[in-house]
Amino acid sequence: MATPTHDAAMLVSKAGRLSIQKLPTQSPGPNEILIDVKSIALNPVDYYMRDSGFLLQDYPAIPGSDIAGTIAAVGADVPQSSRGTLLRSGTRVAAYAVSIYTQGKPSYGAFQTKVLVPADNVTPLPDTISFNQGASLPMAVVTAWSGITTLDLSYDTKINTTTTTTKKGLLVWGAASSIGLATVQIASKTLGLTVYAVASPRHAEYLQSLGAAAVFDYHGAPASVVTQIITAARAANVSLDLAFHATGDLQSAQEVIAAFTSDGADKGIVATAVPMDASSPMTEGVDTRFILPPPVEQGLRDRHFAFVFARWLCPALDSGAFIPAPETHSVPAGLRGLDVALDRLREGVSALKLVVEL
Ligand SMILES: NC(=O)c1ccc[n+]([C@@H]2O[C@H](COP(=O)([O-])OP(=O)(O)OC[C@H]3O[C@@H](n4cnc5c(N)ncnc54)[C@H](OP(=O)(O)O)[C@@H]3O)[C@@H](O)[C@H]2O)c1
């Protein structure tokens, strides 16, 4: 019998455009699932990979992390009844494809109609969640939880604000980004932190509906934005000694945290999603840490993915404790639309997730 094939958008050499080609469809190995992809969501790392070869090793390579679709085939040893739903052919799922861990190895990148993923990276989707919404989830929720653990908070953190007069706060800078919106929701609704968000004012109501206690506009003079946040937090008895920095002015985020450190808190922590280098700002009294993607070591990585996808995400979607955010926008033409969609993402989006539908 002829080997089945499927369409893939691949990079045939470093820093080029994507080329649509046929690839042989691999069967899933042990603990792997083959996904029939219906929607691909885009992230900044995708155009870094395309445009500069970031994290890629050999060519052809296939980038991409975020997918939703249906299960096409299940490998050996996959737990059949985890997450309250059977992981079997036809189950609707969202999944985190592992191109960044396989250096773009073709079978594992998101930009194709059939993708192999580790079973731990898959979560069933409730019927109320569309494939486009599902595809918007994996990178955002994985990074939000990586940020939470980078801040030395455990998966089981549950802040009980009724027993303390000072509320434990989290500053989320760049809160209208995909990872910011996920963090706002997880921090407020799952962990019980009081979230102060920094974003454009047009997103204030949206952020508050997702759990932010207060929203601050980052467009003013940095010193004035910092003062506004500190003043408001002190007035509300919120201790802001932790920050999740998704994007924007890292130094201002550090200055807010430093103010609460000098109020007597332990050394504050800023977890930043943006890679740091020698020119990155540092502020006394603040420990600034890069949010590493889930660790490369297989055991630690599997534990993180298993927590996010098997334990937390599916029930959170089912109960409404987590709402897919931001809104998605579908760029036409399927795999052929990926280059245009990546160009558009590189120009910048505002509380919007670009997807392509297959
Ligand atoms: N470390 C990791 O593992 C990891 C994982 C994923 C992503 N990342 C990185 O995290 C960053 C965010 O990714 P994403 O996909 O969430 O981004 P995104 O959704 O494309 O971010 C767009 C948002 O950025 C906000 N923004 C732009 N400039 C800002 C500024 N000066 N201050 C505050 N907000 C600003 C905008 O907010 P307004 O609309 O409010 O203006 C916009 O809504 C990227 O640098 C990405 O590479 C890192």
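Biologist: How many residues of the shell around the ligand are nonpolar, polar and charged?
Modeller: In this predicted model, the classes follow residue type. Ala, Val, Leu, Ile, Met, Phe, Trp, Tyr, Cys and Pro count as nonpolar; Asp, Glu, Lys and Arg are charged; the others, Gly among them, are polar. One shell residue is charged, nine are polar, and the nonpolar ones number 15.

Biologist: Which residues come nearest to the ligand?
Modeller: Residues are numbered from 1 along each chain as its sequence is written, and side-chain values use heavy atoms, without hydrogens or water. Local features need pLDDT of at least 70 and side-chain atom pairs 80 or more, while totals for chains, interfaces and linings use all residues. The ligand has 25 residues around it, each with a heavy atom within 4 Å. The nearest are S178, S200, Y218, I291 and S350.

Biologist: What distance separates an oxygen atom of the ligand from a polar backbone atom of S178?
Modeller: Polar contacts here pair N or O atoms within 3.5 Å. A backbone N or O atom of A176 is 3.3 Å from a ligand oxygen. A polar backbone atom of A273 sits 3.2 Å from a ligand nitrogen. For S178 and a ligand oxygen, the distance is 2.9 Å.

Biologist: What share of the ligand's area does the protein bury?
Modeller: Areas come from the Shrake-Rupley method with a 1.4 Å probe. Alone, the ligand exposes 940 Å². The buried share is 83%.

Biologist: Which elements give two or more residues to the shell around the ligand?
Modeller: Elements are DSSP runs numbered from the N terminus: helices (H or I) have at least four residues, strands (E) at least two. Those that qualify are α1 (44-52), α3 (138-150) and α4 (178-190).

Biologist: At what angle do α6 and α7 pack?
Modeller: Helix α6 spans residues 222-235 and helix α7 spans 250-262. Their axes are 9 Å apart. Axes are lines fitted to C-alpha atoms over the stretch in contact (heavy atoms within 4.5 Å), and angles between N-to-C directions run from 0 to 180 degrees. Here the angle is about 35 degrees.

Biologist: Which residues of α7 make the contact with α6?
Modeller: From α6 come P222, V226, I229, I230, A233 and R234. The contact residues of both helices divide into eight nonpolar, one polar and two charged. From α7 come S252, E255, V256, A259 and F260.

Biologist: Which proline does a cis peptide bond join to Y59?
Modeller: Most peptide bonds are trans. This one has omega of about 0 degrees. Its proline is found in the loop between α1 and β4 (66-74). The residue is P60.

Conventions
Polar contact = N/O pair within 3.5 Å; in protein donor to acceptor, adjacent residues only side chain to side chain.
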